[in-house]
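Visitor: I should like a close look at a single part of this structure, namely its charged pairs and the interior around them. Please place that part in the context of the model's confidence and of the packing elsewhere.

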Amino acid sequence: MKVLLSWVREFVDIDESAEAIGRKMSMRGLALEGLEPSGTDALLDFDVTANRPDCLSMAGIAREIAVAYGVPFRAPASRLAPLATAAASAPGATIPITIEAPDLCPRYVGAIADVTIGPSPVWMAERLTACGVRPISNIVDVTNYVLLELGHPMHAFDHARLAGPAITVRLARSGESLETLDGKTRALTSQMLVIADAEQATALGGVMGGADSEVANGTERIVFEAAWFKPQSVRATSRALGLRTEASIRFERGADLTAPALAMARACELLEQIGAGRRTGPIIDAYPRPYQAATIWLPRPGIAGLLGMPVPDAAATRILGALGFDASPGDGGWSVRIPGWRIDIQRDVDLIEEVGRHHGFEHLPTTFPGVQQAPAPSDPRVARDRRAREVAIAGGFSEAISFAFIEARHAEPFLDRPGTGVGLANPLSETFAVMRPSLLPGLVAGVGHNRRHGQRDVQLFEIGTRFSRSGEERVLALAWTGLATPDHWSGGRRDADFFDIKGAVEALAAQFDTTVSVDLPPEDSVPHRVLVPGRASIVRRDREVVGWMGQLRAAITDAHDVPANDVVWAAEISLDGMAPAGAARIKRAEPLPRFPSTERDIALLLDESLSAAIVRGTIRSHAPDTLVSVVEFDRYQGKGIPDGKVSLALRLTFQSPERTLTDAEVERATTEVVELLARECGAVRR
Amino acid sequence: MQIREMERQDPPVRLVAIGPVYRRDNLDLTHTPMFHQVEGLVVGRGITLADLKGTLTSMAAALFGAGQEVRFRPSFFPYTEPSAEVDIRCIRCGGEGCPMCKRTGWLEILGSGMVHPAVFEYVGYDPDEITGFAFGMGIERVALLKWGVEDIRLFYENDLRFLEQFGR
């Protein structure tokens, strides 16, 4: 709300500078959004919060300033000569006013005036212009001036163009339409409140006037309207028609039911003052549902109890009184009557805020909430994600964050079945059309971005949610292209390969659960259709699939403009599918061995197709109790080894917790292992 | 988030939750349709606005340095009453007034307030017995201010030259 300092000063004597006022009011709930000089005047732009429509005016802002500085407020009513009003039914009423929908319009004040249309005086036009309102004609300008000054919207009809002439406030008839002042013809529905003459709708109540009854050059007699329309009704109409006006903004937030007569009196006064015309006949006040002031009990202990600072009674009652509340003391508090312009005050906390706000948040002590009991344990998923993040970072990955909604074409290859994506009902654009079924489209886009910006080696990870029709799942994704380790004289250059991404996945899995394994699928199977066959694996926890990893197909990397020859290794594993962090940790410490261990090296001839994992697994599942460790320390193929065979050297370590093992016992145990491998894996000892 | 937690457990409640939130904003220098929010909630007997001020003032000092001037200013949010915003002294102009702070000398960093009694009634808490405070802060916005990042989109481009500035 832009207010002119000189205009505000008509309601409050305040000598402070515009800067000082802006600073002060920012601490009272009216944040200063901007400040600019306007000639010798100053224009202050306050951010009026949605609950305070009463501050959308010079007088409303002036009242707040008066309270903040503890100086008197000159209420608008006190500046006007009292004007008598007549009921709509009174004899001599110059225009019949009928309210058919008193729930939506409990008050309609009308008056007739004879006018001469022309420009408004310079001072008025300048004030309007400064506040961002374009001057149109003296009559329209008077209504806008009253709107800015008092916050109450008004309207003027050309009396000669009203059939009857009569004013009826009613719901629109089905099929009825209205050309509004902006020149558009609007189809009306039977939920929309209109102002009609004897024949048809002539204005949208509280939103905009109609073109047919518009005040124009040649208008000689007008009907002024100052009414009150129900917020929900105005909001619904404004929304349905996509039409927001200064009037609708105020009515939908809640105007003052006690203000229309005052606004009318001010408009009539201005009319005469600027020589634009003169009221003829009485001001007619159709007021079928008069304002019933609510009374709210404000308990004294509630103030300090909620704010955490004591406010002296005198200060609290001064603030409430100056804001226009009528606070009468009772037993342990005050009974507070709410004025018509404070539609936001619904319960005691609202009053406590008023007291606290004007007493000053700057006077609040800075305390900390006391602890009455031990804090609840933190959600284990927080520690889990943190641990996963640490491991990924230790593995050389940088954390990426990408949007949770992506393009449909990028999502499609990651869906279990085509067309099963989770689309947004009302997406911002095609770029953000579906919820991601995987973190990898975003991550690969990150790889593409970096590769196009001169980065040769890219390692990214992201922890986030993926979406499917069966729900949401927290996952960790990795993407890796370029060198396996940074260039260094001590090590050779080598591109990242399958075993690097596998190592990264295993390092992560090891943090959660030792039962997680990366299985090499048969050559021709494809664990996921975004992966290259034979260069892909499934990640399992026990039997359950918790993820996949491998080389991304070119179609996927191409779609994100990754250079054509890049090999991008990727993985995605479910964090929700893992045990909580720490589950794999030891439960109990073992005592240190008291007796020495003995090592034996053996060399075996095996089929080269046999994986090390199977050899290791066989030994683990059948070996004697005294075998505590197996290390494969050499693997040899070539001269002296038959084709299709490999020589594998194993170091076996034996130890007993009870005594020192004898040579004979170790020899027997070694033989047992060799015989086991001969039987299970066809091994031959060399 | 806060509602769900209050529905799940009896008071007292103390929580901090961090996560993505979505808003109908087009992508530009200062807006993204998704951003991250940190929310805090403290509910129990005798929690006051002064506790909120103490907590947030100390958080702002932790984020921007102890010398950073902070103010706690009345505002409005539908789910809190009273409501307050926290501003820091404009870090570009130091309070002189510049385009970044719209010549006000202050930059808003978060919104907060005392949990509205209607919220307590909704989750089945007795507003006559307990009070509480809540706050919400946009992480990207604070990061923009703290590190002088000129373009919020950098947080979503995942450019290593940007990410690596934040250390490993």
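Guide: Within chain A of this predicted model, the mean pLDDT of the elements is lowest, at 74, in strand β25 (residues 516-519) and highest, at 98, in α3(A). Chain A as a whole averages a pLDDT of 91, and 96% of its residues score at least 70.

The charged pairs come next. Over all chains, 49 salt bridges are found in the whole structure. One of them joins the side chains of R170(A) and E176(A), with an N to O distance of 2.9 Å. R170(A) counts as buried because its relative accessibility is 4%, and E176(A) counts as buried at 12%.

Another salt bridge is formed by R466(A) and E572(A), whose closest N and O atoms are 2.7 Å apart. R466(A) belongs to strand β23 (residues 458-468) of chain A and E572(A) to strand β28 (residues 569-574) of chain A, so this pair ties together parts that lie 106 residues apart in sequence. R466(A) has a relative accessible area of 17% and is therefore buried; E572(A), at 1% relative accessibility, also counts as buried.

A further salt bridge links R600(A) with D663(A), and here the closest N and O atoms are 3.7 Å apart. R600(A) lies in strand β29 (residues 598-607) of chain A, while D663(A) lies in helix α18 (residues 663-681) of chain A, so the pair ties together parts that are 63 residues apart in sequence. D663(A) is exposed, because its relative accessible area is 58% and the cut-off for exposure is over 50%.

Salt bridges also form a network, which links R52(A), D54(A), E64(A), R342(A), D344(A), E354(A) and R357(A).

The nonpolar interior completes this picture. The largest nonpolar core has 61 residues, and the members that touch the most others are M58(A), I139(A), V142(A), F224(A) and M264(A). Helix α3 (residues 58-69) of chain A supplies the largest share of this core, seven residues. This helix is also the element of chain A with the highest mean pLDDT, 98. Beyond its neighbours within four places in sequence, M58(A) is in contact with M1(A), K2(A), V3(A), L4(A), W7(A), V8(A), F11(A), C131(A), L148(A) and E149(A). There is also a second, separate core of 50 residues, and among its members are I338(A), V42(B), L56(B) and F64(B).

In chain B, helix α4 (residues 139-147) has E140(B), V142(B), A143(B), L144(B) and L145(B) as its buried residues. The buried residues of α4(B) pack against β2 (34-44), α2 (49-64), β4 (80-89), β5 (106-115), β6 (131-138) and α5 (154-157) of chain B. Just after α4(B) comes G148(B), which takes a positive phi of about 65°.

The surface of chain B offers a contrasting topic. V16(B), I18(B) and I139(B) make a nonpolar surface patch of about 290 Å². Of these residues, V16(B) is found in strand β1 (residues 13-22) of chain B, and V16(B) counts as exposed because its relative accessibility is 59%.

Note on methods
Residues numbered from 1 in each chain as written. Chains lettered and ligands numbered in written order. Predicted model: local features only at pLDDT ≥ 70, side-chain atom pairs only at ≥ 80, totals over all residues. Heavy atoms only, no water. Patch = residues over 30% accessible without salt bridge, like charges linked within 9 Å, V, L, I, M, F, W, Y side chains within 5 Å. Areas by Shrake-Rupley, 256 points an atom, 1.4 Å probe, with all protein chains shown as cover. Salt bridge = Lys/Arg side-chain N within 4 Å of Asp/Glu carboxyl O. Helix = DSSP H or I, 4+ residues; strand = E, 2+ residues; numbered from the N terminus. Buried < 20%, exposed > 50% of the residue type's maximum accessible area, 1.4 Å probe, protein only. Core = buried A, V, L, I, M, F, W, Y, C linked by side-chain atoms within 4.5 Å. Contact = heavy atoms within 4.5 Å. pLDDT = per-residue confidence, 0-100.
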